[in-house]
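Good morning, colleagues. I would ask you to keep the sequence and the model in view while I speak.

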Amino acid sequence: MKTNSIKNLTIVLSIFFFIGLSFCVHGQQIDQKTQKSDFWNHVRLGGGFGLSLGSGFTDITIAPSAIYNFNHFVSLGAGLQGSIVSQRDYYSSGIYGASIITLFNPIDEAQLSLELEQVRVNNTYRNPTTGTLKDNFWNTGLFVGAGYRMENVTVGMRYNLLFNKDKNVYSDALMPFIRVYF
């Protein structure tokens, strides 16, 4: 896809996202003297942590996130992520960024998701004969996902609609996930 078509697709999907969200949100007047806000009762915190160590290989990821449950069926959230990946004498990468996610729970056991992710990727490749090569770029991902939900944990698969095999931080458009929110 060309850069302009990715931007146009992102804009159109964002518009549909916020229009859809407006159907789920409703206003309610709260008497400030008699009732306190229950905002924090609807917030759930979670995220992910990954650690992989091997012979000269290191991969460390941290990804905190928070969601707001509008009702039993719809949640909206945001997250941050950061990763350090390195293979001794060959490769190193720093990845950091943010995402927004919408979760739909049509039934208790199923969860559908739409997630927009923007990450900065800073790669450095080392070769004894050709020297050092740097490849730094921004990567946008638009993921649709489905998973099986068991109380605070959801296990499933997500697919990156904006996947580009030539310029991407991920090796495949289809990715498994585990989400945990408390």
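I shall go from the overall fold to the surface, the salt bridges, the pocket, and some individual residues.

Please bear in mind throughout that this is a predicted model. The protein chain has one helix and eight strands. Their order along the sequence is α-β-β-β-β-β-β-β-β, with the helix ahead of the strands. The chain has 182 residues, of which 29% count as buried. If we take the contacts between residues at least 6 apart in sequence, 47% of them join residues at least 24 apart. The accessible surface amounts to about 12000 Å², and carbon and sulfur atoms account for 61% of that area.

Let me turn to the surface. Which residues make the nonpolar patch of about 660 Å²? They are Phe-49, Leu-51, Leu-53, Ile-60, Ile-62 and Ile-84. Two elements, strand E1 (43–53) and strand E2 (57–69), give two or more residues to this patch. The greatest share comes from E1, which provides three residues. Phe-49, a residue of strand E1, has a relative accessibility of 60% and therefore counts as exposed, the threshold being over 50%.

I come next to the charged pairs. Side chains of opposite charge can pair when their charged atoms come close. How many salt bridges does the structure hold? There are two.

One of them joins Arg-149 to Asp-108, with 3.8 Å between the closest N and O atoms. Arg-149 belongs to strand E6, whereas Asp-108 sits in the loop between strand E4 (91–107) and strand E5 (110–127), so this pair ties together parts that are 41 residues apart in sequence. The two partners may also be described by their accessibility. Arg-149 has a relative accessible area of 15% and is buried, while Asp-108, at 42%, is partly exposed.

The other salt bridge is formed by the side chains of Arg-158 and Glu-115, at 2.7 Å from N to O. Here Arg-158 lies in strand E7 (residues 153–160) and Glu-115 in strand E5, so parts 43 residues apart in sequence are tied together. Both Arg-158 and Glu-115 are buried.

Arg-158 appears again in the account of the largest pocket. This pocket has a volume of about 930 Å³. Its lining consists of 33 residues, and those closest to the centre are Thr-61, Ala-63, Gln-81, Arg-158 and Met-175. Which elements each supply at least two residues of the lining? They are E1, E2, strand E3 (74–87), E4, E5 and strand E8 (174–180). Strands E1 and E2 thus appear both here and in the nonpolar patch.

I now move to two asparagines. Is Asn-139 buried or exposed? With a relative accessible area of 4%, Asn-139 is buried, because the limit for that class is under 20%. Asn-139 lies in strand E6 (residues 131–150). Apart from its neighbours within four places in sequence, Asn-139 is in contact with Glu-117, Gln-118, Val-119 and Val-121, and also with Lys-167, Asn-168, Val-169 and Tyr-170.

The second asparagine is Asn-160, in strand E7. Asn-160 is likewise buried, with a relative accessible area of 1%. Excluding residues up to four places away in sequence, Asn-160 touches Gly-141, Leu-142, Phe-143, Asn-168, Tyr-170 and Ala-173. Asn-168 and Tyr-170 are thus found among the contacts of both asparagines. For Asn-160 and Phe-143, the C-alpha atoms are 4.4 Å apart in space, although the residues are 17 apart in sequence.

Finally, I draw attention to the backbone at two loop positions. Most residues other than glycine have a negative phi. What is the phi of Asp-89? It is near 65°, a positive value in a residue other than glycine. Asp-89 lies in the loop between E3 and E4 and is exposed, with a relative accessible area of 64%. Glu-151 also has a positive phi, near 55°. Glu-151 is found in the loop between E6 and E7, and its relative accessible area of 72% makes it an exposed residue.

To conclude, I would return to the two salt bridges: Arg-149 with Asp-108, and Arg-158 with Glu-115. Arg-158 is also among the residues closest to the centre of the largest pocket.

Terms used
Residues are numbered from 1 along each chain as its sequence is written. This is a predicted model: local features need pLDDT of at least 70, side-chain atom pairs count only at pLDDT 80 or more; totals for chains, interfaces and linings use all residues. Side-chain values use heavy atoms; hydrogens and water are left out. Helices (H or I, at least four residues) and strands (E, at least two) are DSSP runs, numbered from the N terminus. Buried means under 20% relative accessible area, exposed over 50%, partly exposed in between (1.4 Å probe, protein chains only). Contact means heavy atoms within 4.5 Å. Accessible areas come from the Shrake-Rupley method with a 1.4 Å probe; for residues, only the protein chains shown count as cover. Patches are made of residues with over 30% relative accessible area and no salt bridge: like charges are joined within 9 Å, nonpolar side chains (Val, Leu, Ile, Met, Phe, Trp, Tyr) within 5 Å. A salt bridge is a side-chain nitrogen of Lys or Arg within 4 Å of a carboxyl oxygen of Asp or Glu. On a 1 Å grid over the protein atoms alone, a cavity is a set of points where a 1.4 Å probe fits but cannot get out, and a pocket is an open set with protein on both sides within 12 Å along at least five of seven lines; lining residues have an atom within 4 Å of a point. Grid points are joined across faces, edges and corners, and a volume is the space filled by probe spheres set on the points.
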